[in-house]
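Student: I should like to learn how to read the features of a protein model. Could we work through some of them together?

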Amino acid sequence: MAEWMAEQGAHHLILTSRTPLPPREQWERLGKSGSRQGFQVEVLRRLESRGVTIRVAAVDVTDEAAMRSLLGDLTNEGWPPIRGVFHAAGQADAQPLGAVRTQRLAEVMGPKVTGGWVLHQLLQRERLDFFVCCSSGAAILPSALMGVYAAASSFPVALAHYRRAAGLPALTVNWGFWEQTANLSPALREIGPGIIPAGMRPFTGGQGLAALQQLLEQGAVNTAVMPVDLREWQRQHPGANQSSLLANLRLTEGIADEATLATDEPDAASPRAALEAAAPEARRELAERYLRERISRVLRIAPEKLDAQQSLNSLGIDSLMAVELRNHVQAQLGVTIPLARLLQDPTIAQLAQVVLDQVGSVAPPPSALPSAFAMSAPTPAGPAPVSTADSTGNASTPEALADVQDLSDEEVDALLRQMLSEEEQQA
Ligand SMILES: NC(=O)c1ccc[n+]([C@@H]2O[C@H](COP(=O)([O-])OP(=O)(O)OC[C@H]3O[C@@H](n4cnc5c(N)ncnc54)[C@H](OP(=O)(O)O)[C@@H]3O)[C@@H](O)[C@H]2O)c1
């Protein structure tokens, strides 16, 4: 971005982050190291060679006093007034919500929330040409394990609208995955390639910057830039299909005329058939493997990393994901996991037992998907109406389940309680 700004004609750049740059005498060695700082040094040298004056400052953007002091120093040193801001400070994070500690929450929220606000406060009287904040696709499309990052990434979106409402320049971009940064960002490298949700594709620096230029020229306030194969993404995240955002995207993608989509498994009945055909002593292993595989898809991690003795909560499965898992099991195995059991936070091994108790005693699922899983064409008025009778002919699942993504936490709780009491009555 710094190089892009120079290409656009910027002669003075102030580049900040908390980590100080090593002294200049070490630059030669660093430049060849292939490290993150080596990359930064290379960029600085290229910028200097094209005549750009650069000030590199080690400062925490959440520290208002330090930021104010930096701005004061720049004025005293005769720097020209600031004309534009790129707020790219951020801290990627991926872990189950239940595992997040207060300190980590503050670390992830800090640069995006406090940092964004500090920059807004300190520069709101400057005549800026642009104020660009980097948000993430995680703030829009649900992504398991990224709850805190999603929350942090939502703030710059609100900030852009807030500034625009006040007549100030603002653009917040919900970025997908920049191809080159995945290797340079220690946080992203640690999280690993599994962080890219199925169906999403990275884009090159050139593509990202071209999009940025277009958005600035258009005067956009908030736009997402992420190449997504919606068909694949929707297959992998069936619950999210019900969101009103995706209903609109499906229309624009021209796949709305498709009445239904198959599941991600070409032969949805095969897990059931495999279970029934297996020798009794092999069935438990098979049921556990099936559940590990299903859960690994929800969490986007390798099935081998899941321990059958871990409970759903400790794996990061929240109640929405659990209901989605239950629906899949029902659709593919014809097995109904009682909600009461699901809410008791079972382990994978315990869920496998529930499956084994029922396989053999319940009719297999119909070859067609139950309608709760069919991705129907949205009507112009909103997401498609979804019938909720399940494969056992049990009509207990309330209609609201199909729209569960749109519900508040309280509504989900109420819905789960209602379903639970219906199940108890039937029992
Ligand atoms: N790369 C992607 O594909 C991608 C996708 C979606 C969104 N984004 C967003 O785009 C932005 C840039 O991404 P990136 O991949 O370049 O991230 P990155 O490599 O992790 O760099 C983030 C930068 O922010 C700095 N930083 C973090 N906390 C700070 C603080 N409190 N004060 C000052 N500087 C701070 C870091 O340096 P120090 O640690 O030295 O302070 C680092 O230079 C981030 O906001 C990220 O959330 C990136």
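Tutor: The dialogue below treats the overall content, one strand, one residue and some salt bridges. Please keep in mind that this is a predicted model.

Student: How many helices and strands does the chain have, and what share of its residues count as buried?

Tutor: The chain contains 18 helices and six strands. Of its 427 residues, 45% count as buried. Among contacts between residues at least 6 apart in sequence, 72% join residues at least 24 apart.

Student: How should one read the two faces of a strand, and which residues of S5 lie on each side?

Tutor: In a regular strand, side chains alternate between the two faces of the sheet. In S5, Leu 171, Val 173 and Trp 175 lie on one side, while Thr 172 and Asn 174 lie on the other, and all of them are buried. Because five of the five residues of S5 (residues 171-175) are buried, this strand is largely enclosed by the rest of the structure.

Student: Which strand is joined to S5 by five bridges, and which by four?

Tutor: Strand S4 (residues 130-136) pairs with S5 in the parallel sense over five bridges. Strand S6 (residues 222-225) also runs parallel to S5, joined to it by four bridges. Thr 172 illustrates both pairings: Cys 133 stands opposite Thr 172, and in S6 the bridge partner of Thr 172 is Asn 222.

Student: Is His 87 buried or exposed?

Tutor: A residue counts as buried when its relative accessible area is under 20%. His 87, located in strand S3 (residues 84-87), has 3% relative accessibility and therefore counts as buried. Leaving aside neighbours within four places in sequence, its contacts include Val 61, Pro 111, Leu 119 and Cys 133.

Student: How does one read a salt bridge, and which residue pairs with Asp 93?

Tutor: Side chains of opposite charge can pair when their charged atoms come close. Asp 93 forms a salt bridge with Arg 104, and their closest N and O atoms are 2.8 Å apart. Asp 93 lies in the loop between S3 and helix H5 (102-123) and Arg 104 in helix H5, so the pair ties together parts that are 11 residues apart in sequence. Asp 93 is buried, at 6% relative accessible area.

Student: Where do Arg 284 and Glu 288 lie?

Tutor: Both belong to helix H13 (residues 280-299); being four residues apart, they are separated by about one helical turn. Their side chains meet in a salt bridge (3.8 Å, N to O). Arg 284 is partly exposed, at 34%, whereas Glu 288 is buried, at 12%.

Technical notes
Residues numbered from 1 in each chain as written. Predicted model: local features only at pLDDT ≥ 70, side-chain atom pairs only at ≥ 80, totals over all residues. Heavy atoms only, no water. Buried < 20%, exposed > 50% of the residue type's maximum accessible area, 1.4 Å probe, protein only. Pairing = 2+ DSSP bridges. Contact = heavy atoms within 4.5 Å. Salt bridge = Lys/Arg side-chain N within 4 Å of Asp/Glu carboxyl O.
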